[in-house]
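Biologist: Please take me through this entry step by step, and let each term carry its cut-offs when it comes up.

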Amino acid sequence: MVLPWLNKHRQKFDFMIRNGLVTYISDTNGTVEIPSSINGETVEGLAPSSFISTSVKEVIIPQTVTRISKKAFYNCGFLEKITWLGSGNNDNGLTIEGEA
């Protein structure tokens, strides 16, 4: 199920989430702030290829995300910055698998 999302930058994105993992985001050339929950489901990670070949420039990841799967940002040639809003000082740190 594709769910529309309007972030604080007034940009609209379509997300797909399955078992807590963002599996798809529609293409954008701006900043994407991933919500901590989508349609009542907590966002816990980014699935492989979730941002594949998008033109996204910046991604802001909520503290609820604890895993970024291998190749989540595959072929994102315009990506300049990724910000994780969590803290590495707890048991819920961030795991990045392989070449994210």
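Modeller: A salt bridge here is a side-chain nitrogen of Lys or Arg within 4 Å of a carboxyl oxygen of Asp or Glu. This is a predicted model, in which local features need pLDDT of at least 70 and side-chain atom pairs count only at pLDDT 80 or more, while totals for chains, interfaces and linings use all residues. Residues are numbered from 1 along each chain as its sequence is written, and side-chain values use heavy atoms, with hydrogens and water left out.

Biologist: How many salt bridges does that rule give, and at what N and O separation does glutamate 97 meet arginine 67?

Modeller: The rule gives a count of 1 salt bridge. Glutamate 97 lies in the segment after β11 (95–96) and arginine 67 in strand β9 (residues 67–68), so the pair ties together parts that are 30 residues apart in sequence. Between glutamate 97 and arginine 67, the closest N and O atoms are separated by 3.6 Å.

Biologist: Are glutamate 97 and arginine 67 buried or exposed, and what is the relative accessible area of arginine 67?

Modeller: Buried means under 20% relative accessible area and exposed over 50%, with partly exposed in between (1.4 Å probe, protein chains only). Glutamate 97, at a relative accessible area of 30%, is therefore partly exposed. Arginine 67 is likewise partly exposed, because its relative accessible area is 31%.

Biologist: How many strands does the chain have?

Modeller: Helices (H or I, at least four residues) and strands (E, at least two) are DSSP runs, numbered from the N terminus. By that assignment the chain has 0 helices, and its strands number 11.

Biologist: Which strands are at the edges of the open sheet?

Modeller: Two strands pair if DSSP finds at least two bridges between them, and 3 strands form an open sheet with parallel pairing in the order β4-β8-β10. In this sheet the twist averages 10 degrees from one strand to the next (axes are lines fitted to C-alpha atoms, for helices over the stretch in contact, and angles run from 0 to 180 degrees between N-to-C directions). β4 and β8 run parallel and are joined by 3 bridges, with glutamate 33 standing opposite isoleucine 60 in β8. The strands that pair on one side only, and so form the edges, are β4 (31–33) and β10 (81–84).

Biologist: Which residue shares a polar contact with threonine 31?

Modeller: Threonine 31 belongs to strand β4, and it counts as buried because its relative accessible area is 17%. A polar contact is a pair of N or O atoms within 3.5 Å; within protein, one must be able to donate a hydrogen and the other to accept it, and residues adjacent in sequence count only if both atoms are side-chain atoms. At 3.3 Å, the side chain of threonine 31 is joined to that of glutamate 58.

Biologist: Which strand gives the most residues to the largest nonpolar core?

Modeller: A nonpolar core is a set of buried Ala, Val, Leu, Ile, Met, Phe, Trp, Tyr and Cys residues joined through side-chain atoms within 4.5 Å. The largest has 19 residues, and those with the most contacts inside it are Phe15, Val32, Ile34, Leu46, Phe51 and Phe73. At least two residues of this core come from each of β2, β3 (21–25) and β8 (58–61). With 3 residues, the strand that gives the most is β2.

Biologist: How far apart are the C-alpha atoms of aspartate 14 and aspartate 27?

Modeller: Aspartate 14 sits in strand β2 (residues 12–18), and at 27% relative accessibility it counts as partly exposed. Aspartate 27 is 13 residues away along the chain, and the C-alpha separation of the two is 8.6 Å.
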